Amino acid sequence: MVAHGSPDVPIGGGADNSPDTNDVAVQRTWRKTPALSSMGPRLGTIFEDFLAGAGFDRAPWIAVVFAGGILTWFALGSPWQWASAIVAGLLLAIAAAAIWRGMEDRVLLRQAAITVGLVFAAGVATIWLRSEMVGAEPIERPVVERIQGYVLEREDQPAQNRIRLVMAVRDAESGESRKIRVNVPTEQARPEIAEGAVVKLRARLMPPASPMLPGAYDFARAAWFKGLAGTGSVIGEIELVEGADNSGTIPRIQRVLSSHVRERVDGSAGTIAAAFASGDRGGIAEADEDAMRDAGLTHLLSISGLHVSAVIAAAYLVTLKLLALFPAIALRLRLPIAAAAMGALAGIGYTLLTGAEVPTVRSCVAAMLVLIALAMGRDALSLRMVAMAAMFVMLLWPESVVGPSFQMSFSAVIAIVALHTSRPVKAFLAAREESWFRHTGRRVIMLFVTGLVIEIALMPIVLFHFHRAGVYGAFANVIAIPLVTFISMPLIAFALVLDLLGLGAPIWWLVERSLELLLAIAHWTSAQPGSVKLMPQMSQLTIALFVIGALWLALWNGRARLLGFVPAIAATLLLMTTPIPDVLIGRDGRHVGVTIDGDRLLSLRNSRSSYARENLLELASVSSDPIPMAEWPGARCSTEFCLLEIERGGSEWTLMMARNRELIEERALAAACERSDIVVADRYLPGSCKPRWLKADRGFLREHGGLALDLSSETITSVVATQGQHGWWRGKAD
């Protein structure tokens with residue numbers, strides 16, 4: 001085989017009265033000059049007229065620009081680039097203020113440019129400041145040490161037979177305080193080991209892991225913003241130095257409530273009921289979570305808009321109806337205000353009880369704004385309310401913008417509001433003289449259409465983050481959402497109230513039946529052929545075009561919104577042409593996957609790690625179990641290496657992959673490397689090992705992270721390409 005190119009890594013007659021040709025050229029130039037000089041004013045007039053006639057709400061775009069500034073900080077790689085982005089935003093605002101000062105025909109354009117520049121710069125500065133304030137330096141290397149720490153958080157995970165403790169400990173060398181997270185076996189999970197306790201233990205700690213492969217989950221980034229310096233597991237017994245006095249604390253109430261619900265409802269239904277009541281998802285079995293995910297119903301397990309809205313709506317309506325029964329109160333008190341106050345109390349209480357996660361807080365803030373609008377007699381369903389909730393979350397937790405929870409939550413809400421405030425939908429749902437059957441039918445149709453629109457809006461985001469998405473979610477949600485909203489959750493609340501009198505058993509039986517039906521829907525939907533769409537890692541350009549197109553469709557009015565289909569169609573074409581990687585190399589060099597025949601994956605090691613196996617399968621878009629390379633007829637494996645020859649792009653490629661760290665004679669290794677195109681090893685290889693295209697040994701992988709290789713185009717995608725100089729990336733894969 002010929003050598004391949006180097007990889008592009010971060011590795012005659014009388015008097016003539018006719019004019020002279022030069023004069024003509026000059027004349028033409030002068031005729032064009034005024035036209036060119038008028039292009040700027042013409043474009044300005046076009047934009048001004050467009051903004052004046054758009055008739056849209058400008059407030060949501062402020063939130064979009066602020067989020068764009070945050071995303072820009074994550075996309076750029078160094079402090080000088082972040083500072084340049086802030087300066088660019090400020091210069092845009094200053095230039096707009098100076099150039100269009102006093103121009104009556106540029107008022108809207110001037111205001112828009114100034115606002116965009118300032119808000120964009122504020123977005124970049126906010127996330128930069130947040131990173132500097134809360135980011136925690138990870139520990140240098142894996143260690144086993146004896147520590148004493150103060151328990152900050154406890155999370156029960158009975159489905160994994162463990163609890164998780166977040167502890168504040170003091171570094172033995174520097175004396176500085178740091179935060180770590182350790183897993184503790186269930187048998188050591190005494191009630192006294194909770195928030196506020198002081199414990200001594202021996203733990204194996206690791207630095208927070210960077211993405212295993214390009215596009216995989218970046219735990220190191222998440223840990224940075226959580227302030228975690230290391231994670232690990234307990235070795236041996238835990239010594240309780242000081243027990244927790246956790247009477248009346250919210251975490252204790254949450255655990256007691258979760259345990260109470262699981263005692264009343266058996267099996268998987270009980271774990272889901274506990275999640276609805278307290279936000280505790282630790283008991284849900286992996287098979288049930290997978291089924292809910294593949295059926296497009298995972299949002300029902302995460303306490304967010306649906307659940308908070310149901311609680312607040314119930315409290316609002318019950319208060320309104322009860323107070324209306326007493327004329328003395330109804331005549332002297334504005335009932336909508338009283339009902340809104342009770343709804344707000346219920347919403348805030350439920351948010352605190354279920355852990356106050358970002359999606360829950362976002363939903364609670366949005367609901368509070370809706371209640372204020374209802375109390376004031378204004379339109380409660382508007383994109384401005386969504387924008388205000390988004391700004392609240394982004395100001396407190398700007399890092400959430402890059403997470404799937406924030407993106408999916410707001411995408412779904414924006415899709416719902418944009419759909420239900422559109423003219424066709426308003427006309428379809430308008431009150432009219434009709435039978436109950438037709439009235440209910442229109443609501444069911446609208447519920448299905450809403451589910452379909454939400455699925456379309458969420459599909460790119462789900463594929464970008466998780467590389468798989470349920471296809472039939474719109475159909476499953478038509479039944480599942482009303483089931484949870486109008487049956488399961490009210491029954492759970494009613495049963496908890498009756499338990500105060502010891503009369504809740506019959507209601508808990510109904511709760512169990514309803515949640516068993518929910519699980520049956522999830523398992524049946526996920527088991528249907530073609531129920532799951534797998535997709536390799538899409539590019540950032542693709543997801544950016546999807547988001548731009550979706551926001552344009554949702555936030556503009558009239559015919560102008562149809563322009564959003566342009567980037568959406570372009571993104572769809574890019575998505576359809578996204579190549580499946582030929583070779584996937586994990587950050588440690590131990591886990592290697594090679595795609596065969598488009599729907600099968602060869603794995604170098606038959607790993608017991610479900611995390612490694614699932615990452616390889618998802619990023620290779622393969623649904624079947626990986627095939628051990630040693631069992632593949634085309635592979636030649638010894639105890640030290642596996643050799644595999646594959647054809648890609650009309651060329652033959654030879655891969656040599658180390659199976660262990662045993663040393664072999666250098667001359668033999670150099671000869672084998674010379675005959676190979678790609679060499680992969682989880683150890684350092686000598687300089688004499690010179691393959692024809694790529695040597696991905698421990699040193700190379702420490703610098704570049706996990707790799708995805710497209711042999712047809714001879715391109716390499718690495719983890720380092722998306723990391724830059726952010727605090728959580730250290731250019732090493734331990």
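Two disulfides were identified in a search of the whole structure, which is a predicted model. With bonded cysteines counted along the chain, the connectivity follows the pattern 1-2, 3-4. One disulfide joins Cys-637 and Cys-642, whose sulfur atoms lie 1.9 Å apart. The torsion about the S-S bond of Cys-637 and Cys-642 is about 110°, and this disulfide is therefore right-handed. Its two half-cystines were assigned to separate burial classes: Cys-637 counts as partly exposed because its relative accessibility is 30%, whereas Cys-642, at 1% relative accessibility, counts as buried.

The other disulfide links Cys-673 to Cys-689, with a sulfur–sulfur separation of 2.0 Å. Here the S-S torsion is about -85°, so the bond between Cys-673 and Cys-689 is left-handed. Because Cys-673 belongs to helix H23 (residues 666–674) and Cys-689 to the loop between strand S15 (678–680) and strand S16 (694–696), the pair ties together parts that are 16 residues apart in sequence. Cys-673 is buried, with a relative accessible area of 0%, and Cys-689 likewise counts as buried, at 2% relative accessibility.

An open sheet is formed by six strands in the order S11-S10-S9-S8-S17-S18, with mixed pairing. Strand S11 (627–628) and strand S18 (715–718) are the edge strands, each pairing on one side only. Strand S17 (residues 707–710) and S18 pair in the antiparallel sense over four bridges; within this pairing, Ala-708 has Thr-717 of S18 as its bridge partner. Helix H22 (residues 610–619) packs on the sheet, where it touches strand S8 (583–585), strand S9 (592–596) and strand S10 (600–603). The direction of H22 makes an angle of about 140° with that of S10.

The largest nonpolar core comprises 48 residues, of which Phe-276, Leu-297, Val-511, Leu-515 and Leu-518 touch the most other members. Among the elements that give two or more residues to this core are helix H7 (250–264), helix H8 (267–278), helix H10 (305–324) and helix H19 (505–526). The greatest contribution comes from H18, with nine residues. Another core, of 44 residues, lies apart from the largest one and includes Val-65, Ala-121, Ile-127 and Phe-406.

Phe-406 is also one of the buried residues of helix H15. This helix (residues 404–420) has 17 residues and reaches 24 Å from its first C-alpha to its last, close to the 24 Å expected at 1.5 Å a residue. Further buried positions of H15 include Phe-410, Ile-414, Val-417 and Leu-419, together with the polar residues Gln-407 and Ser-409.

Terms used. Residues numbered from 1 in each chain as written. Predicted model: local features only at pLDDT ≥ 70, side-chain atom pairs only at ≥ 80, totals over all residues. Heavy atoms only, no water. Core = buried A, V, L, I, M, F, W, Y, C linked by side-chain atoms within 4.5 Å. Buried < 20%, exposed > 50% of the residue type's maximum accessible area, 1.4 Å probe, protein only. Expected span 1.5 Å × (residues − 1). Pairing = 2+ DSSP bridges. Contact = heavy atoms within 4.5 Å. Axes fitted to C-alpha atoms, helices over the stretch in contact; angles between N-to-C directions. Disulfide = S-S within 2.5 Å.
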